[in-house]
Structures are given as structure tokens and as C-alpha cells.
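Thank you for sending this entry; my comments follow as numbered points, to be read alongside the sequence and the coordinates.

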Amino acid sequence: MNHLQQLLEAGRDQSLFPGATCRIFDRSATLFESSVGLAQPERELAAGPDTVWDLASLTKPMATATSLLILAQEGRLHLDEEVTSFLAGDSPSLAGITLRHCLTHTSGLKAWVQLHGNGWSPDEIMAKVRAAEPSRPPGAGYTYSDLGYILLGEVVRQVAGQPVAAFASSRVFEPLRMDSARFQPPEEWSDRLAATRCPDRGRVLLGEVHDGNCAALGGIAGHAGLFGSLNDVTRYGRMLLNEGELEGQRILSPQVVREMARNQNPPGMNGHTLGWFTRPSGFLPAADFLPPDTFGHTGFTGTSLVLSPSFGIGIALLTNRVYCKRDAGDFLRWRRRFHNAAAGCLT
């Protein structure tokens, strides 16, 4: 495990991130854990296992996809229904796009559209998303799309009768005792929050979501907005490794978890499960040595969760790399090396 500690310290020393915390875990125990650097450089506040990080796009699988699959396993929807079936008003440009297409990033929708900084209200923003024009027919290719997950968050709201933040909290985070997992963290958590830096807003953020489109939607959206600690991410990961259950609390059925872990896309297309990157996806940060069934997700802020069911292990790595004013390429290369070293420690 010395290689892992050295890599963490090297990443901090090279200013790839101010602070980081990580844990390698199996279904019930911690195999390695370490924290380095600062969660809040201005206050010289150290990063640790209780630090609350902006999880960014880990929101997609942990909150939105999980919520949607809970609704599906209760028979309140099925994944090949069209998204427009759940949206108020007409959305002709979305015709033919199913929930499964959005979950697997095969909807044909663009990766991203700037929805913030225009003075639009959340309702006006959602109207813009519902009117989005796909760049290709549904199912014809893979484009990692925030827009698709914004729509899925709206579907959860319509079907569950409450925002995805509230539904995920009551049906996932609270039963799993993910005590710091929430959207819009309160001000009294200021001593626990990891700082990020937003160029668009020109300042350091503390407890405000880094993603501008999510911020314009009020801090709650299907693609971003979730905050959480190392313990929260670990407990969620253990739930999946234990086929949907943790300490007597069942969140998903075993069969649903198996589908959530299985590549849904055809050969020749980027691999994606019902919520997660998987091989042959170039977005999966699993590097060279983790087994073929490995799946995981990353967040733009510098977060990731990688799970290998056949090994029965998970790797949670949380950083605030967006605090640093540098290109992401060096961090992404470092993260792949980190997962190589993590795999090299497993026996």
C-alpha cells in the first residue's frame, strides 16, 4: 500500500488537487484508507474521511439512476418508455428517446448546453432542455449527455411526486445511513466542506454546486448537485457489492443490481450500464488491471467510485481538483495510475 500513499502525496505536491481522501473496501471491511492535503486551503483545513465533497456527476448513478431503478422495480415505469410520456406539455424534438437511452447516453442529445448566465428561471431552463434538438437519432451512437440526465431527474420528480433530491434522500441515503449525502448542504457544515473554484463565477465555492447549469436550476438536478463524504460513497458502493442490500436495508433487488452493472450498449459503442461507465468505455478510470466486470463513474470536480463485483472490492477517490487552476489532463493520467496501483495491491 506504500505506492498508493506515495501517489496521493505526489498528486498533492504536484498541485493536481489541494486535498484528497480515498478508501479501498470490500463488502464489509476497509482494505486501505488515507487522506492528504487540504479541503479548504484558505483556512488550512485538512481533508479527511468526514470532509463533504461536491460529488458532481456521481449524482447521475448514485441519485438519479438509482431513483429511477427503484421506481422501475416498483412497477411505476419501465425503461423503454419514452421520456415524453412523463413530461408536461409537448416535446416533439424528444420523440423516440426512451429512459434507457438517457441512462446509457445513447439518446442522441448533445453533451452539454450552457443554460446558466442567461437570466433564465429553473422553469425556463427545463423548457429549453425539453426543446433540445438531438444531434443524431436515438440509439445511433454514444454521447455522454448532461441533458439526458437533467431529463431523468425531471422524470423522477413527475413519477415520485417530489424532486430527485428528496426521493433519493428518503429511499437511498437515509436507509443506508449516508448521513452527509445531500443536495444543498447547510451553512453549518462550513467546517466540513471541500472548497472548489468556479471560473464562471470568479470565486471560491463552499457548499455551492460547482456545475453552473445545476446552480441555475437551484442546486438540484439529475446530472449534478449531490454532496457527500467518503463514508457516504463507501456505504453506497457496499450496497451494490452486496447485490442491493446493506445491513438489512434493501435498496435494489439483486436482479436490478445485476442489470445496473451490465453493459447495455451494443459492440462498437462506448460501454455504459444503467448509470455507470463500463468497458470498453474510455471514461472508466479503472486503468489496466481491474477485471472485465468493473464499472464506475467520475465527477468533474475530481471524484470517482469504481466497483469490481468479481473481486468484491470498491475504490472511492474524492478530491477537489477543480480548486487548482490547471488543465484536467494531468489529473486524469494520475488517477489512472492510482487505480493501477490500487489493483496491484489486491490479492
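1. For what follows, two strands pair if DSSP finds at least two bridges between them, and strands themselves are DSSP runs of at least two residues, numbered from the N terminus. Please keep in mind that this is a predicted model.

2. By that criterion β5 pairs with strand β8 (residues 226-228), the two running antiparallel and being joined by two bridges; within this pairing, R182 stands opposite F227 in β8.

3. The wider arrangement is an open sheet of three strands, in the order β4-β8-β5, with antiparallel pairing. Because β4 (53-56) and β5 (182-183) stand at the edges and each has a single partner strand, one side of each is left without a neighbour in the sheet.

4. Helix α8 covers residues 230-241, and its 12 residues should span 16 Å at 1.5 Å a residue, which agrees with the 16 Å that separates its end C-alpha atoms. The helix is mostly covered, with 11 of its 12 residues buried; among them are the charged residues D232, R235 and R238, as well as V233, Y236 and M239. Just after α8, E243 takes a positive phi of about 55°.

5. How many cavities of 30 Å³ or more does a search of the whole structure find? The search finds one, and the volume of this largest cavity is about 40 Å³. Its lining consists of L16, R321, C324, R326, D327, A328 and F331, and these residues divide into four nonpolar, three charged and no polar.

Terms used: Residues numbered from 1 in each chain as written. Predicted model: local features only at pLDDT ≥ 70, side-chain atom pairs only at ≥ 80, totals over all residues. Heavy atoms only, no water. 1 Å grid on protein atoms, 1.4 Å probe; cavity = no way out; pocket = protein on both sides within 12 Å on 5 of 7 lines; lining within 4 Å. Points joined across faces, edges and corners; volume = space filled by probe spheres on them. Helix = DSSP H or I, 4+ residues; strand = E, 2+ residues; numbered from the N terminus. Expected span 1.5 Å × (residues − 1). Buried < 20%, exposed > 50% of the residue type's maximum accessible area, 1.4 Å probe, protein only.
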